[in-house]
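I opened the notebook on this model to look up a few things in turn. My entries below follow the order in which I checked them.

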Amino acid sequence: MELEDRTGEATRTRPAPGHARSAAPVPRMRRAPSAPPAEAPAAIPAAPGPIVKPLPPDLFITYGSSAETRWEAMHGQGYHTPNDRFFVRNHTATPLIDARTWRLRLHGDGLRAPRTLTYEDLLALPATTADVAIECAGNGRAFFDLQQDQRMAGIPWRLGAIGVARWRGVPLSTLLDLAGVRADAVDVMPRGLDPVYVEDGVDHGHVRRPLPVAKALSDVLVAYEMNDRPLPPDHGFPARLVVPGWSGVASIKWLGDIEVATTALSSPWNTRFYRMFGPGHPPGGAPLSDQVVKSAFELPWGATLRAGRQHILRGRSWSGGGRVVRVEVSVDGGLSWQRAETRGPRPARAWAPWHLAWVPRRPGAHILMARAVDETGATQPARARFNMLGYHFDGVVQHPVTVIP
Ligand SMILES: Nc1nc2c(c(=O)[nH]1)N[C@H]1C(S)=C(S)[C@@H](COP(=O)(O)O)O[C@H]1N2
Ligand SMILES: [Mo]
């Protein structure tokens, strides 16, 4: 199919990580020199635009250096979001990193044996595969405005700042064990190699965000494959973090180094951004971790459907808190609700595809709604709780469609 070739991966051939599949012996790695190298290898070339892959307007809505997937582009797709349809959230621009000179430095006072790994070292370690959603904390922000009359700064994502991929990589716990993580380590701070982020003249440095060591040692991956291909440049080549269930910002792309500390670490990405500020939140704000419950229809916004025919309404629901256990759909603007069929895989930390048959009778404007419940009992309210930066919109979205005779 034409779209399959739009990733540009074919022209950007890189060593295929396929040979890492057999459990290889743990490689010898360079010990970190006593004085760690000051910074990442200088002068990583930037791509001509902020995003490398094509962003055809039938698949994406583009906002500067970021782009969301159109939900209708998921219709007819399998469980995973294809790499060429996966949303991109770049604070600056995709760096073009040469895997041969790339290094991943593990350092900090929380490690007894700091290490520096090459790409080959990483591929040679025992790997695991997991289906995990990555979702921007601001996904759904547009609906604070559209449905609740609450305007705020930030990318006005509808519901397309999420994707589910099959990630393959090395458990972060394996790397931390190799580097001798100390029992009194507290925080782990991964940092990206993309250009520094400057906002209103303030240089915030490289994108980085601390993770508590308990999360870092549980289910976090240092991923180098996305849907059985080497990571595409826009999604973190050569390696990124994948932090299941948490806001996308935790899943740092283009990893350059990981600091492990015996004291709490912080960065603007947990003190200033990606925090819940506003009425009902603690003074000073609350940091974000788990994503909330959301649902989306695989339909164009304002889709047109014929009256008197059966339509299979398809969609997906997800939650950072656990498996989705129930999905309900309303075709009458929320007056009545029917249970949608959820067959097939619906692992925690990914999504649950669902469908419901509908024969619209009355031509005109209709509002479709979907709401899900996860295994912790978390559900979707009619109204999402306000916060100043517009994160975690979990309200039931009112999807407009037009039924034509
Ligand atoms: N180094 C780096 N990592 C990053 C970002 C970034 O700009 N730079 N954006 C973060 C945010 S806010 C999100 S939502 C996810 C998006 O991942 P994707 O672009 O692969 O979809 O990457 C995260 N990791
Ligand atoms: Mo994000």
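I began with the polar contacts of ligand 1, keeping in mind that the model is predicted, and found one of its oxygen atoms 2.7 Å from an N or O atom in the side chain of Arg240. For Lys253 I noted a polar side-chain atom that lies 2.5 Å from an oxygen atom of ligand 1, while at Ser251 the contact runs through the backbone, with a polar atom there 3.1 Å from a nitrogen atom of the ligand. I then asked how much of the accessible area of ligand 1 the protein covers. On its own ligand 1 has 540 Å² of accessible area, and I recorded that the protein covers 100% of it.

Next I looked up where ligand 1 sits, and the place turned out to be the largest cavity. I counted 20 residues around the ligand, and wrote down Phe87, Asp194, His235, Arg240 and Lys253 as those that come nearest. Sorting the shell around ligand 1 by residue type, I have 10 nonpolar, six polar and four charged residues.

I turned to the backbone after that. Which residues does the cis peptide bond join? I found Phe237 and Pro238 on its two sides, with omega at about 5 degrees, and I placed Pro238 in the loop that lies between strand 13 (229-230) and strand 14 (240-242). I also marked Asp200, which is not a glycine and yet has a positive phi of about 50 degrees; this residue is in the loop between strand 9 (198-199) and strand 10 (202-203). I kept both entries because most residues other than glycine have a negative phi, and most peptide bonds are trans.

My last entry concerns a sheet of five strands, which is open, has mixed pairing and follows the order 19-25-24-21-22. At its edges I noted strand 19 (303-306) and strand 22 (338-339), each of which pairs on one side only. Within the sheet, strand 21 (residues 324-330) and strand 24 (residues 364-374) run antiparallel and are joined by six bridges, and I looked up Ser330, whose bridge partner in strand 24 is Met369.

Technical notes
Residues numbered from 1 in each chain as written. Chains lettered and ligands numbered in written order. Predicted model: local features only at pLDDT ≥ 70, side-chain atom pairs only at ≥ 80, totals over all residues. Heavy atoms only, no water. Near = heavy atom within 4 Å. Polar contact = N/O pair within 3.5 Å; in protein donor to acceptor, adjacent residues only side chain to side chain. Areas by Shrake-Rupley, 256 points an atom, 1.4 Å probe, with all protein chains shown as cover. 1 Å grid on protein atoms, 1.4 Å probe; cavity = no way out; pocket = protein on both sides within 12 Å on 5 of 7 lines; lining within 4 Å. Sits in = over half its atoms within 2 Å of the grid points. Nonpolar A, V, L, I, M, F, W, Y, C, P; charged D, E, K, R; others polar. Pairing = 2+ DSSP bridges. Helix = DSSP H or I, 4+ residues; strand = E, 2+ residues; numbered from the N terminus.
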